[in-house]
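Open the viewer and get ready to click along. This tour goes from the whole chain down to a single residue.

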Amino acid sequence: MKSLNRVEISRSALIHNFEICRQRADGAVLMPLVKADGYGHGMIECARIFAEQGAAAFGVAEAVEGVRLREAGITQPVLVLVGVVPQTLPDIVAARLTPVVTDASILPELSRLAGAKGIEIGVHLKLDAGMGRQGVLPAGFVDLVQAVHGSAHLRLDGVMAHLPLADDRQSANSDEVLRTFLKTTAALADCGHGTCCLHLANSGGLFYVAGARLDMVRPGIALYGYYPDGAAGAAAASSPRLRPAMRYLTHIIQVRHVPAGSGLGYAHLFTTVRPSTIAVLPVGYANGYLRTLTNRAEVLVGGRRAPVVGRISMNLTLVDVTDLPEPKVGDEVVLLGRQGQEEIGADEIAGWMDTISYEVLCLFGQLNPRVMVD
Ligand SMILES: *Cc1c(COP(=O)(O)O)cnc(C)c1O
């Protein structure tokens with residue numbers, strides 16, 4: 001028994017986007033970010049596809065996600081970006097995950113757990129080179145490197161930092177962060193760690209910041225088919241372009257004919273000004289189609305745009321199909337993606353919701369049944 005709502009993920013689009021990122025990486029290896037259930041596209045399915053395409057490592061937020069990747073048979077290094085704390089260390093060691101370390105206090109316990117298993121654990125350090133969010137400040141970097149060096153069962157495999165403004169092509173900030181990162185990590189050679197993997201670039205860094213690719217790049221949004229600077233980035237992009245991998249579709253459950261002057265739905269936030277044909281959709285904020293889309297969004301019916309009218313409720317949305325030829329119960333309606341010659345992208349929906357494509361993809365992908373196609 002299937003829901004009337006469905007998110008489709010295109011395998012061929014994911015592969016195409018991986019290939020574009022690989023070409024852009026200019027020799028640097030790729031670490032796909034598959035946190036947030038692969039930005040709503042399915043963490044395990046995406047990781048398997050990217051692994052087949054040659055991903056060198058994966059990035060997740062919490063250790064629990066890394067454990068799921070291991071259970072699914074992913075063998076590449078899995079970097080745990082947040083939540084490396086005393087209570088998660090046993091699972092990190094047991095699953096052979098790669099903790100991203102921001103301060104020295106956890107190193108003794110991490111080393112002890114690794115030693116007890118008779119293994120050596122590779123760690124990456126996170127340097128705050130200007131992100132201002134997480135990580136060791138440049139002044140504390142060498143001490144942290146030495147602390148890893150002094151831990152019997154730990155090995156320094158990499159050093160990373162993050163770019164706060166990589167999606168802003170006008171900003172000089174990324175060059176500044178890159179300089180700070182390179183200057184600070186130059187000390188590694190003196191500490192005997194000259195060969196560890198340096199990585200800085202998210203999708204914005206990969207596409208827009210010359211020199212930021214270093215040894216490894218960490219694309220997220222680009223792999224799922226969107227530019228980090230949204231519609232502006234898509235408009236300015238040269239071929240071959242990224243291809244959005246997600247479609248979100250539903251079906252008409254009722255077609256209603258109502259007179260002019262009819263108030264529609266909760267609070268009557270829309271009143272018809274003409275005799276109208278209204279299609280009822282079994283989708284609402286519980287499916288990630290948020291209330292902020294009320295009276296703002298458009299959907300595709302029969303390859304043509306139709307406006308959302310009235311308040312979006314938990315599981316119902318109304319669209320005005322008066323101008324469309326013969327909409328019928330059971331017709332497919334596309335909320336995100338292409339139908340015929342028309343397309344609604346996550347950047348356009350993000351504009352209606354006053355957010356970014358990332359949030360739209362996470363909401364739709366994580367709150368609906370999902371299938372892989374082609
Ligand atoms: C999420 C994340 C990325 C990927 O960012 P995109 O903008 O989606 O490419 C890269 N690095 C870190 C540390 C992240 O948390």
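Start with the two domains: their centres, taken over C-alpha atoms, are separated by 41 Å. To see them, select residues 11-236 and give them one colour for domain 1, then select 246-344 and give them another for domain 2. Keep in mind that you are looking at a predicted model.

**The whole protein**

Now zoom out and show everything. The C-alpha atoms fill a box of roughly 80 × 45 × 40 Å along the principal axes. Switch to a cartoon view and you can look for 13 helices and 20 strands.

Next, turn on the surface. The protein exposes about 16,000 Å², and carbon and sulfur atoms supply 51% of that area. How many of the 374 residues count as buried? The share is 53%.

Try colouring by charge, too. You will find 33 positive and 36 negative side chains, and the centres of these two sets lie 4 Å apart.

What about contacts between residues that are separated by 6 or more positions? Of these, 65% are made by residues 24 or more positions apart.

**The sheet of eight strands**

Go back to the cartoon and find the open sheet of 8 strands. Follow the order β2-β9-β8-β7-β6-β5-β4-β3 across it; the pairing is parallel. Which strands sit at the edges? Select 29-30 for β2 and 58-60 for β3: each of these edge strands pairs on one side only.

What holds neighbours like these together? Strands of a sheet pair through backbone hydrogen bonds, either parallel or antiparallel.

For a closer look at one pair, select residues 121-126 (β6) and 154-160 (β7). These two strands run parallel and are joined by 6 bridges. Within the pair, show Val123 as sticks and look for Leu156 of β7, which stands opposite.

**One residue: Glu332**

For the last stop, select residues 332-339, which form strand β18, and pick out Glu332. Is Glu332 buried, exposed or partly exposed? Its relative accessible area is 28%, so Glu332 counts as partly exposed.

Now display what Glu332 touches. Leaving aside residues up to four places away in sequence, the list is Arg247, Leu249, Thr250, His251, Leu300, Val301, Gly302 and Gln339.

Finish with a distance: draw a line from the C-alpha of Glu332 to the C-alpha of Arg274, and it should span 25 Å. In sequence, Glu332 and Arg274 are 58 residues apart.

Methods: Residues are numbered from 1 along each chain as its sequence is written. This is a predicted model: local features need pLDDT of at least 70, side-chain atom pairs count only at pLDDT 80 or more; totals for chains, interfaces and linings use all residues. Side-chain values use heavy atoms; hydrogens and water are left out. Helices (H or I, at least four residues) and strands (E, at least two) are DSSP runs, numbered from the N terminus. Buried means under 20% relative accessible area, exposed over 50%, partly exposed in between (1.4 Å probe, protein chains only). Contact means heavy atoms within 4.5 Å. Accessible areas come from the Shrake-Rupley method with a 1.4 Å probe; for residues, only the protein chains shown count as cover. Lys and Arg count as positive and Asp and Glu as negative; His and the chain ends are not counted. The place of a charge is taken as NZ of Lys, CZ of Arg, CG of Asp or CD of Glu. Domain bounds come from an automatic or database domain assignment. Two strands pair if DSSP finds at least two bridges between them.
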